Amino acid sequence: MELSFSTALAFAVTAVLTLTLRPLALRLGITDKPGGRKQHIGEIPLIGGIAMFIGMLIAAMTTVQTTGLWTLLVPAALLVTVGVIDDRYNIGVSARLAAQTCAALIMIISGGLYLRDIGDPFGTGLLRLGILAIPGSVLVALSVINAFNFIDGIDGLAASMALIGLTAAGLATGVSAPALSVAAMACGAILGFLLFNFPAFRNRRLRTFMGDAGSTLLGFVVVWFALSISQGADRSMSPVAALWFALMPLSDFFSCFVRRVARGKMPLHAGREHFHYVLMRAGLSGRQVLAVLLAFSVLYSAVGLIGVRQKLPDWALFAPWFTLLASQSFIIRGLAVQLRHRRWRVSNIVVRMPAAVAATHSYGRSRTLAARQRNVNATRAALFAHKHASGKRQAQPSRGGVQRGCDDTPAES
């Protein structure tokens with residue numbers, strides 16, 4: 001009952017704030033303007049992150065009794081504040097990384113949430129990180145936060161992936177996990193935002209983006225929840241199983257990171273190597289791209305959920321996870337090639353159809369003309385036969401007369 005109320009409250013607060021903050025965002029210039037990679041129409045308010053954070057904050061303060069909840073809310077407030085400033089003034093990558101590192105350190109040092117071990121991914125026993133625990137946890141937190149920031153390229157994508165991951169992870173932990181209330185209120189806030197961001201026909205007039213404030217908030221909530229349920233003596237799942245719930249954002253992030261580094265570019269700068277751009281260049285619409293990527297996310301989250309429920313060993317989960325992480329880019333690009341090939345074949349058929357239709361029309365016309373010519377010839381032959389018969393009758397000699405002409409020449413005088 002408490003989980004349902006927490007979810008409903010976060011949903012309601014987020015939806016109401018998304019509506020009421022729109023005029024303020026337009027007045028202050030906290031909007032996303034079209035141009036370059038951004039192909040939307042008009043200025044879209046970037047208030048989704050603020051609305052979701054306040055929705056989670058109110059739900060947490062009124063319903064959630066989790067010990068040490070401030071280790072989530074304080075770093076999240078820092079990320080949202082810096083994200084809003086970046087949405088308005090574009091403060092750059094360095095400042096954002098500094099804020100994300102501070103948020104991760106608050107969670108790690110003050111809250112005690114960090115990677116003490118990474119499970120048993122190779123079947124050799126539990127791998128503890130030791131002195132690498134804190135730097136490794138910071139790297140993991142930065143990776144997940146920026147993965148959700150990277151994947152936020154089309155309407156509904158980042159929020160829906162966070163919703164899928166948190167829901168599946170929450171189902172895997174069971175209702176007894178203390179951190180489940182955080183996942184519930186986060187899901188409620190995400191649903192309240194998706195009312196204005198999920199691509200539907202009736203919300204275009206109230207379209208809203210989450211901005212960097214929202215994407216970094218969702219990434220931080222996901223990593224906070226994952227550490228809460230996969231570390232410590234009372235953990236609900238292994239860290240390896242938790243990786244499945246963020247496979248799609250992480251594979252997009254590492255794919256872009258590697259490609260940009262290989263080309264000598266800054267890995268955290270904007271680009272068009274993301275999965276959604278690859279599929280859109282192949283000819284899919286935004287809704288179709290969203291459906292494809294969310295289908296992958298649902299599939300991978302279902303694998304993680306089944307792995308936890310069936311208590312599969314870590315090595316059995318890690319090997320396919322790492323394989324998919326490394327090959328997801330090739331899967332998406334292979335799918336894009338197939339789509340381009342299919343589109344080329346369809347365009348070829350469309351181009352050839354007018355010629356075929358013209359040939360058919362010409363053939364039909366020639367048949368019609370030939371039939372008409374046959375009719376004319378038949379008519380002429382009939383007339384000629386009739387005339388010939390009449391001439392023979394007229395050429396019969398009268399009594400004592402002489403025939404004066406033949407059938408096809410004029411009679412002589």
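Buried means under 20% relative accessible area, exposed means over 50%, and partly exposed lies in between, using a 1.4 Å probe and protein chains only. This is a predicted model, in which local features need pLDDT of at least 70 and side-chain atom pairs count only at pLDDT 80 or more, while totals for chains, interfaces and linings use all residues. Residues are numbered from 1 along each chain as its sequence is written, and side-chain values use heavy atoms, leaving out hydrogens and water.

**Exercise 1.** Decide whether S238 is buried or exposed, and find what surrounds S238.

*Solution.* Begin with the relative accessible area of S238, which is 14%, so S238 is buried. Next, locate S238 in the loop between helix 9 (211–230) and helix 10 (239–243), where helices are DSSP runs of H or I with at least four residues, numbered from the N terminus. Then follow the side chain of S238, which reaches the backbone nitrogen of V240 at 3.0 Å. Finally, setting aside neighbours within four places in sequence, S238 is in contact (heavy atoms within 4.5 Å) with S230 and D314.

**Exercise 2.** Find which residues W224 touches, not counting residues up to four places away in sequence.

*Solution.* With those residues left out, W224 touches T71, L72, M107, L113, A179 and V182.

**Exercise 3.** Determine how many disulfides there are, and classify C187 and C256 as buried or exposed.

*Solution.* A disulfide is taken as a pair of cysteine sulfur atoms within 2.5 Å, and by this rule the count comes to zero. C187 has a relative accessible area of 10% and is therefore buried, while C256, at 0% relative accessibility, also counts as buried.

Methods. Polar contact = N/O pair within 3.5 Å; in protein donor to acceptor, adjacent residues only side chain to side chain.
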